[in-house]
Amino acid sequence: MNKTKPFCISKKSVMAAWERVKANKGTYGIDEESIEDFELNLKDNLYKLWNRMSSGKYFPPPVRAVEIPKSDGSKRLLGIPTVSDRIAQSVVKIYLEPIVEPKFHEDSYGYRLGKSALDAVGVARQRCWRQDWCIDLDIKGFFDNLDHKLMMKAIRFHTDEKWIHLYIERWLKATLQLESGELIERELGTPQGGVASPLLANIFMHQMKRQFPEVRFERFADDILAHCSSQKQAERVLEGIKIRLKECGLELHPEKTKVVYCKDVDRRGSYKCESFDFLGYTFRPRLSMNKHGKAFVNFTPVISNQAANRIRKEIRSWKLHLRSDKSITDLARMFNAQVQGWVNYYGSNVT
């Protein structure tokens, strides 16, 4: 630790941040410098980064904007930082994450050590059995509309470290560079793709104090389910959430947000919405078999149509019918990891 610098940032933390970035791989930013290129002059590159960060003179370069097609025909804008900037963000994450992580709610599952999307799906399944109604919440453009002032207020609540405040604010304001080279100034949002963005999203959502402590929920970043005992309670809770989000500069997607009746064999009547999608699974009434071989209606999750279509599209892109020169062993070596990932996620018994 160098005490002649304005900010006490250890060289060990910069090295640890580099190791994280290298392990996560990833593509290049606007400078087109790859991880392998950065590593060619590793010692000098890390020293320069440490020196600038500890001096308060580190300014993030523009973020490379990449458009990713979504299943509904729209596009999601990802922001790809440079390798050096990913390391800098990882330094902040190394310091900040241990402070905020113990404070997060147990039902917040996104981007947290020891928690996963499958954990959230499994808990949702159990709660849909216990409570008749569920609110499927879809925040409209969460990462694009995150309020910078409120975000910084949340950061200052959790830490007094001035250098963390300084660099997070600079990252929030970093310009986006489109493929055309055009630079876009940002007054709202944090681009998906940055190392720090998931942690910032969790901090922001955590600060939205819950008005309904009796309502159980599952949250994975901005994908949220809330469980209620009656339609009346669900509608009341939904209105309360709309008000709270508006106070935070956010709004619910009017077409994608809905109240759902979790219909099963014991729940009579019907409702206009009896299904929802959550983290690649569709929850809806299905015929199931009990241990005695008797059929009954159960509210359960299976792979969603959108997720299944994405998998089919990916498999078609492999053009297996043109790979007659490859043996089964060769094909297995090429695609097994991806297939195993699908099996592990969608073949899981989420209980």
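**Exercise 1.** Starting from R244 and E247, which both lie in helix α10 (residues 231–247), three residues apart, about one turn of the helix, determine how their side chains meet and whether each residue is buried or exposed.

*Solution.* The model is predicted, so local features need pLDDT of at least 70 and side-chain atom pairs count only at pLDDT 80 or more, whereas totals for chains, interfaces and linings use all residues. Residues are numbered from 1 along each chain as its sequence is written, and side-chain values use heavy atoms, with hydrogens and water left out.

Step 1: a salt bridge requires a side-chain nitrogen of Lys or Arg within 4 Å of a carboxyl oxygen of Asp or Glu, and R244 and E247 form one at 3.0 Å, N to O.

Step 2: buried means under 20% relative accessible area, exposed over 50%, and partly exposed in between (1.4 Å probe, protein chains only); R244, at 19%, is therefore buried, while E247, at 53%, is exposed.

**Exercise 2.** Locate the partners of the salt bridge between R127 and E218, and classify their accessibility.

*Solution.* Step 1: the N to O distance is 2.9 Å. Step 2: R127 belongs to helix α5 (residues 117–130) and E218 to strand β6 (residues 216–220), 91 residues apart, so that the pair links distant parts of the chain, where helices (H or I, at least four residues) and strands (E, at least two) are DSSP runs, numbered from the N terminus. Step 3: R127 is buried at 7%, and E218 is buried at 0%. Step 4: D107, R127, R216 and E218 are linked in a network of salt bridges.
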